[in-house]
Amino acid sequence: MERVPVLKIGDILLVSIQVDMEDQTALQLQEDLAERIVETGCHGVIIDITALDIVDSFIGRMLSTIASISKVLDAETVVVGMRPAVAITLVELGLSLNGIRTALNVERGIELIAAARVEDDDLDLEPTDAEPASP
């Protein structure tokens, strides 16, 4: 069984899918990625699907599941490198890829994750203006 490499770049994990995703490979990737998020404390996951010519419903579900797992572990997921034919297929299959943001390339994916972290940090730092109600 082939394994999909998971590389760490700063506080982002980069997954470049270069192999055919069979059931066991996808399950192993989900497990490997969850472990790496916890080990590294990364806040972003970029999944590069540039090498994929075809994305079927199985791959779509796998991407959604990875995004859900990552979100629970406090990491944003961005899928990059989607070809137009792949986007059309996903829409035709009715797959919405919930919880997944997309970008044209890895650089834009990194920018999206960085912007999301800044927004989250700003929300955490905002003071509350609420005062207790008067009796």
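The protein exposes about 8,200 Å², of which carbon and sulfur atoms supply 54%; accessible areas come from the Shrake-Rupley method with a 1.4 Å probe, and for residues only the protein chains shown count as cover. The model is a predicted one, in which local features need pLDDT of at least 70 and side-chain atom pairs count only at pLDDT 80 or more, whereas totals for chains, interfaces and linings use all residues. Residues are numbered from 1 along each chain as its sequence is written, and side-chain values use heavy atoms, with hydrogens and water left out. Of the 135 residues in the protein, 38% are buried, a class defined by a relative accessible area under 20%, with exposed residues over 50% and partly exposed ones in between (1.4 Å probe, protein chains only).

The secondary structure comprises 4 helices and 5 strands, taken as DSSP runs numbered from the N terminus (helices, H or I, at least four residues; strands, E, at least two). In order from the N terminus, the elements follow the pattern β-β-α-β-α-β-α-β-α. Among the contacts in the protein with a separation of 6 or more, 72% join residues 24 or more positions apart, where contact denotes heavy atoms within 4.5 Å.

Nonpolar cores were identified as sets of buried Ala, Val, Leu, Ile, Met, Phe, Trp, Tyr and Cys residues joined through side-chain atoms within 4.5 Å. The largest such core contains 28 residues, and the members that touch the most other members are Ile17, Met21, Leu29, Ile47 and Met62. At least two residues of this core are supplied by each of strand S2 (12–16), H1, S3, helix H2 (57–72) and helix H3 (84–93). Helix H2 provides the largest share of this core, 5 residues. A second, separate core of 7 residues includes Ile12, Ile46, Val78 and Ile113. Beyond residues up to four places away in sequence, Met21 of the largest core touches Val4, Ala26, Leu29, Phe58, Ile59 and Met62.

Two packed helices are described by the angle between their axes and the distance between the axes. The axes of H1 and H2 come within 10 Å and cross at roughly 15 degrees; axes are lines fitted to C-alpha atoms, for helices over the stretch in contact, and angles run from 0 to 180 degrees between N-to-C directions. H1 is therefore roughly parallel to H2, given that angles under 35 degrees count as roughly parallel, over 145 as roughly antiparallel, 65 to 115 as roughly perpendicular and the rest as oblique. The crossing of H1 and H2 is right-handed, that is, the near helix is turned clockwise from the far one by less than a right angle, an anticlockwise turn being left-handed. On the H1 side, Asp23, Ala26, Leu29, Gln30, Leu33, Ala34 and Ile37 meet Phe58, Met62, Thr65, Ile66, Ile69 and Ser70 of H2.

Several loop residues were examined individually. Cys42, located in the loop between helix H1 (23–40) and strand S3 (44–48), counts as buried because its relative accessibility is 2%. Although 29 residues separate Cys42 from Leu13 in sequence, their C-alpha atoms are 6.8 Å apart. With neighbours within four places in sequence set aside, Cys42 is in contact with Lys8, Gly10, Asp11, Ile12, Leu13, Ile37, Asp74 and Ala75. One of these partners, Asp74, occupies the loop between H2 and strand S4 (76–80) and is partly exposed at 42% relative accessibility. Most residues other than glycine have a negative phi. Asp74, which is not a glycine, has a positive phi of about 70 degrees.

Ala51 lies in the loop between S3 and H2 and is partly exposed, its relative accessible area being 35%. The C-alpha atoms of Ala51 and Gly81 are separated by 8.1 Å, with their positions 30 residues apart along the chain. Outside its neighbours within four places in sequence, Ala51 is in contact with Ile17, Gln18 and Arg83.

In helix H4 (residues 106–125), Val106 is partly exposed at 21% relative accessibility, whereas Glu107, also in helix H4, is exposed at 52%. Val106 touches Leu14, Ile46, Asp48 and Val80, residues up to four places away in sequence not being counted. For Val106 and Leu14, a sequence separation of 92 residues corresponds to a C-alpha to C-alpha distance of 8.7 Å. Glu107 and Ile46 are 61 residues apart in sequence, and their C-alpha atoms are 10.0 Å apart.
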